[in-house]
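Student: Please take me through one part of this model in detail. I would like to see how two helices pack, and then what lies around them.

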Amino acid sequence: MLYTIIKALHIIFMVSYFAGIFYLVRIFVYYKDTDEFPDEKKKILREQYTFMARRLWNIITVPAGVIMAVCGLVMIFLNPGLMKMGWFHLKLTFLIGLAVYHYWCWKKVLHLKALNGNTLETANIKLRQANEIATFILFLVVFTVILKSMAITYWWQLITGFFVLVFLIMMTVKLVNKNKKKK
């Protein structure tokens, strides 16, 4: 029963963590969108977005990520057989990608504060595309956990499907951005 409770907590805090990461990168996009605004409006919005990003990071995203990770480690401790399963190794590989993305987000949060309301140099389209990375990782992790041994057997289809999904979403983001600029 303890394992099931820890697993439930792991899932709940995973949802909270991803909600934080999804919204955080969206805040970066909103910050960048202020580039063309009048100076007074730009200053007010950039201060607010910086404040929101820091609060979201410090109060929701990082605490939820820590609790999610601790629960994951406790599950491994309670069920060390997980470390012998191929699907679990695949999941851990995707989690390494999530850790890299988490680090990138953290650096952006620090960068926003250091900018002190100045222009964020990252291109808007790159931020919009980066906003989808957490979604891709979430897809990979969830499908790996649900499919388990099938994920190992069909890992190449999972990865191929992932890259097709990435390509389609990136092209959609570019198309929407292109149409937005025309208006």
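Tutor: In this predicted model, helix α1 (residues 2–33) and helix α3 (residues 86–115) cross at roughly 40°. An angle over 35 but under 65 degrees counts as oblique, so α1 and α3 are oblique to each other. Their axes come within 11 Å. The crossing of α1 and α3 is left-handed.

Now the residues in contact. From α1 come H10, Y17, F18, I21, L24, V25, F28 and Y31. They meet K91, L98, Y101, H102, W104, C105, K108, V109, L112 and L115 in α3. By class, this contact has 14 nonpolar residues, two polar and two charged.

Next, the empty space. The largest pocket has a volume of about 760 Å³. Its lining has 31 residues, and the closest to the pocket centre are H10, M68, G72, K91 and L95. Two of these names have already come up: H10 of α1 and K91 of α3 belong to the helix contact, and H10 and K91 are also listed for the pocket centre.

Which elements give two or more residues to the lining of the largest pocket? They are α1, α2 (39–78), α3 and α5 (133–147). Helix α3 gives the most, with nine residues. By class, the pocket lining has 24 nonpolar, four polar and three charged residues.

To put the two views together: α3 meets α1 in the oblique pair, and α3 also gives the most residues to the lining of the largest pocket.

Conventions
Residues are numbered from 1 along each chain as its sequence is written. This is a predicted model: local features need pLDDT of at least 70, side-chain atom pairs count only at pLDDT 80 or more; totals for chains, interfaces and linings use all residues. Side-chain values use heavy atoms; hydrogens and water are left out. Axes are lines fitted to C-alpha atoms, for helices over the stretch in contact, and angles run from 0 to 180 degrees between N-to-C directions. Helices (H or I, at least four residues) and strands (E, at least two) are DSSP runs, numbered from the N terminus. Angles under 35 degrees count as roughly parallel, over 145 as roughly antiparallel, 65 to 115 as roughly perpendicular and the rest as oblique. A crossing is left-handed if the near helix is turned anticlockwise from the far one by less than a right angle, and right-handed if clockwise. Contact means heavy atoms within 4.5 Å. Ala, Val, Leu, Ile, Met, Phe, Trp, Tyr, Cys and Pro count as nonpolar, Asp, Glu, Lys and Arg as charged, and the others, Gly among them, as polar. On a 1 Å grid over the protein atoms alone, a cavity is a set of points where a 1.4 Å probe fits but cannot get out, and a pocket is an open set with protein on both sides within 12 Å along at least five of seven lines; lining residues have an atom within 4 Å of a point. Grid points are joined across faces, edges and corners, and a volume is the space filled by probe spheres set on the points.
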